[in-house]
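Student: Please take one part of this model and go through it closely. I would like the aromatic residues and the elements that carry them.

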Amino acid sequence: GKIDVGWFFPSDTDNQVSNSRNHSIYATSWAHTKHLRKDFYPLNKPASNFPMVWDWKDESIPAWDVTKWYHWKSKKEVRESMQKQDEISLQ
């Protein structure tokens, strides 16, 4: 199987909005985001917490807003797919 392909990626990620509590893509973190080096994750940004739809008041889980990374990854997948199509048509 392919890595980074799932039920929501890459198709539905382009409709998500970074920095929007209801429409962003979040990743949980065992470590609090203040302890991680932000320069290792240039497309991601720390979020106040992982929003849990079953308990909006629970802010105990650290998280990263990874929406922009998925936007970048989706565009990269499209570029690579187009390059492969170009290579096939040239043969």
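Tutor: Trp69 has a relative accessible area of 24%. That is over the 20% limit for buried and under the 50% limit for exposed, so Trp69 counts as partly exposed. This is a predicted model, so each value here is computed from predicted coordinates. The partner of Trp69 is Tyr70. Their ring centres are 4.9 Å apart, and their planes stand at 90 degrees. An angle over 60 degrees counts as edge-to-face, so this pair is edge-to-face. Tyr70 itself is buried, because its relative accessible area is 16% and the limit is 20%.

A further ring belongs here. Trp69, Tyr70 and Trp72 make up one aromatic cluster. Trp72 sits in helix α1, which spans residues 67-90. Its relative accessibility is 37%, so Trp72 is classed as partly exposed. Trp72 also has a contact to note across the sequence. Leu43 is 29 residues from Trp72 along the chain, yet the two C-alpha atoms are separated by 8.3 Å.

Now place the helix in the chain. The chain holds one helix and three strands. From the N terminus on, the order of elements is β-β-β-α. Of the 91 residues in the chain, 27% are buried.

Next, the strands. The three of them form an open sheet in the order β1-β3-β2, and the pairing is antiparallel. β1 and β2 are the edge strands, and each of them pairs on one side only. β2 covers residues 45-47. On average, neighbouring strands of this sheet are turned by 35 degrees against each other, with direction ignored. Look at the β1 side. β1 covers residues 26-28. β3 covers residues 63-65, and three bridges join β1 to β3. These two strands run antiparallel. Across that pairing, Tyr26 stands opposite Asp65 in β3.

Tyr26 brings us back to the rings. How many aromatic pairs does a search of the whole structure find? The search finds three. One of them joins Tyr26 and Phe50. Their centres are 6.5 Å apart, with 75 degrees between the planes, and the pair is edge-to-face. This pair links distant parts of the chain. Tyr26 is in strand β1, while Phe50 is in the loop between β2 and β3, and 24 residues separate them. Is Tyr26 buried or exposed? Its relative accessible area is 18%, so Tyr26 is buried. Phe50 has a relative accessibility of 21%, so Phe50 counts as partly exposed. The two values fall on either side of the 20% limit, so the two rings get separate labels.

Stay with the loop between β2 and β3. Trp56 lies there too. At 39% relative accessibility, Trp56 is partly exposed. Which residues form a nonpolar patch on the surface? They are Val53, Trp54 and Trp56. Together they have about 400 Å² of accessible area. Patch members need over 30% relative accessible area, so Trp56 at 39% meets that condition.

The loop between β1 and β2 holds another aromatic residue, Tyr41. Its relative accessibility is 32%, so Tyr41 counts as partly exposed. Tyr41 lies 23 residues from Trp64 in sequence. In space, the two are 9.4 Å apart, C-alpha to C-alpha.

Finally, follow the chain back from β1. Ser24 is found in the segment before that strand. Its relative accessible area is 12%, so Ser24 is buried. Thr13 is 11 residues from Ser24 along the chain, and their C-alpha atoms are separated by 8.9 Å. Asn19 lies in the segment before β1 as well. It has a positive phi of about 65 degrees, although Asn19 is not a glycine. Most residues other than glycine have a negative phi. The relative accessible area of Asn19 is 58%, over the 50% limit, so Asn19 is exposed. In that segment, then, Ser24 is buried, whereas Asn19 is exposed.

Terms used. Residues numbered from 1 in each chain as written. Predicted model: local features only at pLDDT ≥ 70, side-chain atom pairs only at ≥ 80, totals over all residues. Heavy atoms only, no water. Helix = DSSP H or I, 4+ residues; strand = E, 2+ residues; numbered from the N terminus. Buried < 20%, exposed > 50% of the residue type's maximum accessible area, 1.4 Å probe, protein only. Pairing = 2+ DSSP bridges. Axes fitted to C-alpha atoms, helices over the stretch in contact; angles between N-to-C directions. Patch = residues over 30% accessible without salt bridge, like charges linked within 9 Å, V, L, I, M, F, W, Y side chains within 5 Å. Areas by Shrake-Rupley, 256 points an atom, 1.4 Å probe, with all protein chains shown as cover. Salt bridge = Lys/Arg side-chain N within 4 Å of Asp/Glu carboxyl O. Phe/Tyr/Trp six-rings, centres within 6.5 Å; stacked < 30°, edge-to-face > 60°.
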